[in-house]
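User: I would like a close look at a single part: the spaces that a search of this model turns up, and what lies around them. Please keep it plain and explain the terms as you go.

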Amino acid sequence: MKKWLVGLVTLLMAAALTVTAMAAEPYKIGCVFSVTGGASFLGEPEKNTAQMFQWLVNKEGGIKGTPVEVIIYDDEGDATKCNLMVKRLIQKDKVLAVVGPSLSGLSLAIIPVVEEARVPNLSCAASIKIVEPVKKWVFKTPQSDRSAVEAIYGHMKKHGLSKAAIITVNTGFGASGREELKKVAPQFGINIVADELFGPKDTDMTAQLTKIRGTEAQAIIGWTTGPTQVVVVKNWKQLGMDQKFRFYHSHGFGSKKNIEMAAGAAEGVYAPLGRIVVADILPENNPQKKFCMEYKDRYETSFKTEVSTFGGHAWDALQMLKQALEAVGPDRAKIRDYLENIRGFAGTGGVFNMSPQDHCGLDVNAFEMIVVKNNTWSLAK
């Protein structure tokens, strides 16, 4: 047989094998995010990221020739709906793993479900309680609230600030952050001189801030997500408190939309954020630079909007699952074992080093301290 004919036959056989493989039963990954409702600023970029992941993986031939099917449900920020959807993903859709939820309270609520079903879960929520104490089947990709507290207190100490007022939302995320703020303060010599609360739907915090104004606080630390982040910053500015009190937000502030909605009031606000928001100004030798820029470019090209840290949490989780499927195939227990032993994974949220004792794999070094300057993110000194 002539060489060109042999080559043609070989190519046709390879193509046939690829088509056959891609026609195989897909690897199913379940996602449950708060796409609508009060936490849509978290869930929407996570949903977009998951859709983009499926398209890109299948465009590139799947995972070793097997296509990926990402099944996404919207829990609307409701714990009951979230539980039902996670059960549906596991029992009806037969997914290999669950990514999400978006919210700490909902992530805590589904832990018994995934643990009983023995299905790997990669949460996109921040509370350290999700992974501490360690649960066998539960992991998370966002940096923990404890690490964010350490980053804020470390920055305060560096700048000679020792008296803090905390103002937190009374949700699962806020309660966990408040607990860590109080617990970690003595380690950094921080004295909490005011402790104020507000609700997730409150539209004015001037009463709480006025109380803080009468204290010896040097810095205010806000711990919330969503529209209340913008409200409290606007009130801080309206009361003229920006002239005396430095304002720190938590890592929940990591969306450019917060700066836009604050309409100038966020100028000078500090926050410990993942490096994805400043990917373009990271040094070329930063281990996260390449991964962050690839995600940023793909996301912003696809959706015509800037990346946030929240979509990055989903991207990290899905990329970890892709690595696991490439290494061990569609076996839930083996996927779990692979995730627990991830080392040196440079994602959007940091360089992950998981272990049997640590199902997040990030510490305070995952953060950059960011300050809002000229209505955009800037590296703080």
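Analyst:
**The largest cavity and its surroundings**

Two elements, β10 (270–273) and α11 (309–328), each supply at least two residues of the lining of the largest cavity. Helices (H or I, at least four residues) and strands (E, at least two) are DSSP runs, numbered from the N terminus. The model is predicted, and local features need pLDDT of at least 70, side-chain atom pairs count only at pLDDT 80 or more, and totals for chains, interfaces and linings use all residues. Residues are numbered from 1 along each chain as its sequence is written, and side-chain values use heavy atoms, with hydrogens and water left out.

Of the two elements, α11 gives the most to the lining of this cavity, with three residues. On a 1 Å grid over the protein atoms alone, a cavity is a set of points where a 1.4 Å probe fits but cannot get out; a pocket is an open set with protein on both sides within 12 Å along at least five of seven lines, and lining residues have an atom within 4 Å of a point. Grid points are joined across faces, edges and corners, and a volume is the space filled by probe spheres set on the points.

How many cavities of 30 Å³ or more does a search of the whole structure find? The search finds one. About 170 Å³ of space lies in this largest cavity. Its lining has 19 residues, and Leu42, Ala126, Phe173, Gly252 and Phe310 are those nearest the centre. Sorted by class, the lining holds 10 nonpolar, nine polar and no charged residues. Here Ala, Val, Leu, Ile, Met, Phe, Trp, Tyr, Cys and Pro count as nonpolar, Asp, Glu, Lys and Arg as charged, and the others, Gly among them, as polar.

Phe173 leads to helix α6, where Phe173, Gly174, Ser176, Gly177, Glu180, Leu181 and Val184 are buried (under 20% relative accessible area; exposed is over 50%, partly exposed in between, with a 1.4 Å probe and protein chains only). These buried residues lie on the same side of α6, because they cover an arc of only 165 degrees around the axis (taken from the directions from the helix axis to the C-beta atoms). They pack against α4, α5 (145–158), β6 (163–169), β7 (191–198) and β8 (219–223) (contact means heavy atoms within 4.5 Å). The helix α6 itself has 13 residues and reaches 18 Å from its first C-alpha to its last, close to the 18 Å expected at 1.5 Å a residue (1.5 Å times one less than its number of residues).

Ser176, one of the buried residues of α6, has a relative accessibility of 2% and therefore counts as buried. Leaving out residues up to four places away in sequence, Ser176 touches Ser127, Ile128, Lys129 and Asp145.

Ser104 sits in helix α4. Ser104 counts as buried because its relative accessibility is 4%. Leaving out residues up to four places away in sequence, its contacts are Ala125, Ala126, Ser127, Ile130, Gly172 and Phe173. Ala126 and Phe173 in that list are also among the residues nearest the cavity centre. With Ala125 the sequence gap is 21 residues, and the C-alpha atoms are 4.9 Å apart in space.

The pockets bring in some of these helices again. The largest pocket holds about 450 Å³ of space. It is lined by 21 residues, with Gly38, Ala39, Leu103, Thr171 and Pro200 nearest its centre. The elements that give two or more residues to this lining are α4 (104–117), α6 (172–184) and α8 (227–238). The largest share, three residues, comes from α4. The classes in this lining are eight nonpolar, 11 polar and two charged.

The second largest pocket holds about 310 Å³. It has 18 lining residues, and closest to its centre are Phe41, Glu44, Pro45, Ser255 and Lys257. Both α2 (40–59) and α9 (256–262) supply at least two residues of that lining. By class, the lining has six nonpolar, seven polar and five charged residues.

Asn48 belongs to helix α2. Asn48 has a relative accessible area of 9%, so it is buried. Not counting residues up to four places away in sequence, Asn48 touches Tyr299 and Phe303.

One last detail concerns the loop before α4. Pro101 is found in the loop between β3 (97–99) and α4. The peptide bond from Gly100 to Pro101 is cis, with omega near 0 degrees. Most peptide bonds are trans.
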